[in-house]
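User: I'm new to reading protein structures. Could you walk me through one, step by step?
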Amino acid sequence: MIKKDNIMNKDNIQLRWQSKISIFANTTVLKQLFIAIGIPFLVVIFVLLMFNQEPLYTLYALILIGSLFLLTALLIRFLYRGVYEVEYLLYDDKIISRTVTSQRKKNNIVNRLAIFLGILSANPTVIGAGMLANARQSETLVFANVKKVKYEPSKYTITLYGKSLIKLIVFCDKENYQTVVDAIALRIK
(Lines give C-alpha, C1' and ligand atoms only; values in the text may rest on other atoms or scores of the structure.)
Protein backbone atom coordinates (compact mmCIF):
# COMPACT_ATOMS: atom_id res chain seq x y z
CA MET A 1 0.00 0.00 0.00
CA ILE A 2 1.50 3.31 -1.06
CA LYS A 3 0.11 6.75 -0.39
CA LYS A 4 1.27 9.85 -2.18
CA ASP A 5 0.82 12.87 0.04
CA ASN A 6 0.40 15.63 -2.53
CA ILE A 7 -0.57 18.18 0.09
CA MET A 8 2.53 19.69 1.65
CA ASN A 9 1.97 19.11 5.33
CA LYS A 10 4.27 20.15 8.16
CA ASP A 11 6.16 16.85 7.91
CA ASN A 12 6.56 17.05 4.11
CA ILE A 13 6.04 13.28 3.65
CA GLN A 14 6.23 12.44 -0.04
CA LEU A 15 5.54 8.68 0.10
CA ARG A 16 4.27 6.38 2.81
CA TRP A 17 3.86 2.62 2.56
CA GLN A 18 3.90 -0.53 4.63
CA SER A 19 5.52 -3.85 3.87
CA LYS A 20 4.97 -7.28 5.36
CA ILE A 21 8.14 -9.30 5.07
CA SER A 22 8.16 -13.05 5.60
CA ILE A 23 10.96 -13.72 8.07
CA PHE A 24 11.47 -17.33 6.98
CA ALA A 25 11.01 -16.92 3.21
CA ASN A 26 12.70 -13.62 2.36
CA THR A 27 16.31 -14.27 1.34
CA THR A 28 17.43 -10.76 2.35
CA VAL A 29 16.11 -11.26 5.89
CA LEU A 30 17.56 -14.77 6.10
CA LYS A 31 20.97 -13.48 5.01
CA GLN A 32 20.89 -10.77 7.71
CA LEU A 33 19.82 -13.33 10.32
CA PHE A 34 22.66 -15.61 9.29
CA ILE A 35 25.17 -12.78 9.68
CA ALA A 36 23.78 -11.76 13.07
CA ILE A 37 23.02 -15.18 14.56
CA GLY A 38 24.35 -17.95 12.35
CA ILE A 39 27.99 -16.92 12.13
CA PRO A 40 28.46 -16.53 15.91
CA PHE A 41 26.82 -19.91 16.53
CA LEU A 42 29.00 -21.51 13.83
CA VAL A 43 32.09 -20.11 15.56
CA VAL A 44 30.89 -21.57 18.89
CA ILE A 45 30.21 -24.94 17.24
CA PHE A 46 33.64 -24.87 15.60
CA VAL A 47 35.36 -24.12 18.90
CA LEU A 48 33.38 -26.89 20.60
CA LEU A 49 34.29 -29.44 17.95
CA MET A 50 37.95 -28.45 17.80
CA PHE A 51 38.83 -27.98 21.45
CA ASN A 52 36.42 -30.00 23.55
CA GLN A 53 37.86 -33.30 24.69
CA GLU A 54 34.55 -34.74 25.90
CA PRO A 55 32.33 -35.82 22.98
CA LEU A 56 29.33 -36.18 25.29
CA TYR A 57 29.57 -32.54 26.41
CA THR A 58 29.94 -31.46 22.79
CA LEU A 59 26.78 -33.38 21.95
CA TYR A 60 24.92 -31.69 24.84
CA ALA A 61 26.10 -28.27 23.64
CA LEU A 62 25.03 -28.98 20.06
CA ILE A 63 21.61 -30.16 21.25
CA LEU A 64 21.27 -27.00 23.34
CA ILE A 65 22.21 -24.77 20.39
CA GLY A 66 19.79 -26.61 18.10
CA SER A 67 17.04 -26.34 20.72
CA LEU A 68 17.63 -22.59 21.03
CA PHE A 69 17.32 -22.20 17.26
CA LEU A 70 14.11 -24.22 17.22
CA LEU A 71 12.64 -22.35 20.19
CA THR A 72 13.49 -19.00 18.61
CA ALA A 73 11.89 -20.02 15.30
CA LEU A 74 8.75 -21.20 17.10
CA LEU A 75 8.58 -17.99 19.13
CA ILE A 76 8.87 -15.87 15.98
CA ARG A 77 6.28 -18.01 14.21
CA PHE A 78 3.87 -17.81 17.18
CA LEU A 79 4.40 -14.24 18.36
CA TYR A 80 4.91 -12.51 15.02
CA ARG A 81 3.24 -15.06 12.72
CA GLY A 82 6.53 -15.25 10.85
CA VAL A 83 6.08 -11.73 9.45
CA TYR A 84 7.98 -8.50 10.05
CA GLU A 85 5.80 -5.44 9.44
CA VAL A 86 7.51 -2.17 8.62
CA GLU A 87 6.35 1.27 7.54
CA TYR A 88 8.40 3.64 5.43
CA LEU A 89 8.11 7.41 5.33
CA LEU A 90 9.95 9.07 2.48
CA TYR A 91 10.61 12.80 2.85
CA ASP A 92 12.48 15.22 0.61
CA ASP A 93 15.69 14.81 2.58
CA LYS A 94 15.44 11.48 4.41
CA ILE A 95 13.71 8.12 4.71
CA ILE A 96 12.39 6.65 7.94
CA SER A 97 11.88 2.95 8.48
CA ARG A 98 9.83 2.05 11.53
CA THR A 99 8.13 -0.98 12.92
CA VAL A 100 4.34 -0.92 12.50
CA THR A 101 2.56 0.11 15.73
CA SER A 102 0.96 -3.26 16.48
CA GLN A 103 4.27 -5.07 16.11
CA ARG A 104 6.15 -2.32 17.97
CA LYS A 105 4.02 -3.05 21.05
CA LYS A 106 4.99 -6.73 20.93
CA ASN A 107 8.62 -5.78 20.41
CA ASN A 108 8.53 -3.46 23.42
CA ILE A 109 7.26 -6.30 25.61
CA VAL A 110 9.88 -8.76 24.34
CA ASN A 111 12.70 -6.20 24.61
CA ARG A 112 11.73 -5.13 28.12
CA LEU A 113 11.48 -8.78 29.13
CA ALA A 114 15.00 -9.33 27.78
CA ILE A 115 16.28 -6.33 29.75
CA PHE A 116 14.52 -7.52 32.91
CA LEU A 117 15.81 -11.09 32.56
CA GLY A 118 19.28 -9.75 31.82
CA ILE A 119 19.18 -7.73 35.03
CA LEU A 120 17.95 -10.73 37.03
CA SER A 121 20.70 -12.95 35.66
CA ALA A 122 23.34 -10.19 35.81
CA ASN A 123 23.98 -10.64 32.08
CA PRO A 124 24.97 -7.32 30.48
CA THR A 125 24.91 -8.86 27.00
CA VAL A 126 21.19 -9.61 27.23
CA ILE A 127 20.50 -6.19 28.75
CA GLY A 128 22.38 -4.50 25.91
CA ALA A 129 20.68 -6.61 23.23
CA GLY A 130 17.25 -5.70 24.61
CA MET A 131 18.16 -2.02 24.75
CA LEU A 132 19.60 -1.99 21.21
CA ALA A 133 16.60 -3.83 19.78
CA ASN A 134 14.25 -1.36 21.43
CA ALA A 135 16.21 1.62 20.15
CA ARG A 136 16.26 0.37 16.55
CA GLN A 137 12.51 0.14 16.03
CA SER A 138 12.73 3.36 14.06
CA GLU A 139 15.68 4.25 11.85
CA THR A 140 16.30 7.39 9.85
CA LEU A 141 18.73 7.78 6.97
CA VAL A 142 19.36 11.22 5.52
CA PHE A 143 19.77 11.06 1.74
CA ALA A 144 22.82 13.37 1.88
CA ASN A 145 24.59 10.62 3.86
CA VAL A 146 23.87 7.83 1.36
CA LYS A 147 27.09 6.62 -0.25
CA LYS A 148 25.77 3.72 -2.32
CA VAL A 149 22.43 2.34 -3.47
CA LYS A 150 21.80 -1.27 -4.46
CA TYR A 151 18.61 -1.97 -6.41
CA GLU A 152 17.28 -5.53 -6.50
CA PRO A 153 14.18 -5.50 -8.71
CA SER A 154 13.74 -9.27 -8.56
CA LYS A 155 13.34 -9.03 -4.75
CA TYR A 156 11.65 -5.60 -4.77
CA THR A 157 14.27 -4.27 -2.35
CA ILE A 158 16.52 -1.24 -2.28
CA THR A 159 19.54 -1.17 0.03
CA LEU A 160 20.82 2.25 1.05
CA TYR A 161 24.37 2.36 2.39
CA GLY A 162 25.22 5.33 4.56
CA LYS A 163 28.31 6.52 6.34
CA SER A 164 30.19 4.23 8.75
CA LEU A 165 28.46 0.88 8.18
CA ILE A 166 24.92 2.28 8.27
CA LYS A 167 22.60 0.28 6.06
CA LEU A 168 18.84 0.56 5.51
CA ILE A 169 16.97 -2.05 3.51
CA VAL A 170 13.82 -0.72 1.88
CA PHE A 171 11.25 -3.43 1.16
CA CYS A 172 8.67 -2.75 -1.53
CA ASP A 173 6.14 -4.78 -3.45
CA LYS A 174 5.54 -5.24 -7.15
CA GLU A 175 3.10 -2.33 -7.32
CA ASN A 176 5.20 0.35 -5.63
CA TYR A 177 8.79 -0.69 -6.38
CA GLN A 178 9.34 1.55 -9.41
CA THR A 179 7.68 4.54 -7.71
CA VAL A 180 9.99 4.17 -4.72
CA VAL A 181 13.05 3.63 -6.95
CA ASP A 182 12.26 6.83 -8.86
CA ALA A 183 11.66 8.81 -5.65
CA ILE A 184 14.93 7.64 -4.09
CA ALA A 185 16.93 8.18 -7.30
CA LEU A 186 15.74 11.81 -7.38
CA ARG A 187 17.04 12.37 -3.85
CA ILE A 188 20.45 10.67 -4.12
CA LYS A 189 23.13 13.03 -5.34
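Analyst: Sure! One term to begin with: helices here are DSSP runs of H or I with at least four residues, numbered from the N terminus. Also keep in mind that this is a predicted model. With that term in hand, look just past helix 2: it is followed by Arg81, whose phi is positive, near 55°.

User: How many helices and strands are there, and how are they ordered?

Analyst: You'll find 5 helices and 8 strands. Reading from the N terminus, the order is β-β-α-α-β-β-α-α-β-β-β-β-α. The C-alpha atoms fill a box of roughly 65 × 30 × 30 Å along the principal axes.

User: Back to helix 2. Why does its end-to-end span agree with what a helix should give?

Analyst: Helix 2 covers residues 55-80, which is 26 residues, and at 1.5 Å a residue it should span 38 Å. Its end C-alpha atoms are 37 Å apart, so the two agree.

User: Which residues of helix 2 are buried, and what do they pack against?

Analyst: Start with the general idea: an α-helix has 3.6 residues a turn, so residues three or four places apart point the same way. In this helix, the buried ones are Thr58, Ala61, Ile65, Ile76 and Tyr80. The buried residues of helix 2 pack against helix 1 (27-51), strand 3 and helix 3 (101-120).

User: Why does Thr58 count as buried?

Analyst: Buried means under 20% relative accessible area. Thr58 has 8% relative accessibility, so it counts as buried. Setting aside neighbours within four places in sequence, Thr58 is in contact with Leu48, Leu49 and Asn52. Across the protein, 31% of the 189 residues count as buried.

User: What about the largest nonpolar core: how many residues does it have, and which have the most contacts inside it?

Analyst: The general idea is that in soluble globular proteins, nonpolar side chains tend to be buried together. Here the largest nonpolar core has 25 residues, and those with the most contacts inside it are Trp17, Leu90, Ile95, Ile158, Leu160, Val170 and Val180. Strand 2 (13-22), strand 3 (83-91), strand 7 (157-161), strand 8 (167-171) and helix 5 (177-187) each supply at least two of its residues. Helix 5 gives the largest share of this core, 5 residues.

User: Which residues does Val170 touch?

Analyst: Not counting residues up to four places away in sequence, Val170 touches Trp17, Tyr88, Ile95, Tyr156, Thr157, Ile158, Leu160 and Val180.

Notes. Residues are numbered from 1 along each chain as its sequence is written. This is a predicted model: local features need pLDDT of at least 70, side-chain atom pairs count only at pLDDT 80 or more; totals for chains, interfaces and linings use all residues. Side-chain values use heavy atoms; hydrogens and water are left out. A nonpolar core is a set of buried Ala, Val, Leu, Ile, Met, Phe, Trp, Tyr and Cys residues joined through side-chain atoms within 4.5 Å. Buried means under 20% relative accessible area, exposed over 50%, partly exposed in between (1.4 Å probe, protein chains only). Contact means heavy atoms within 4.5 Å. The expected span of a helix is 1.5 Å times one less than its number of residues.
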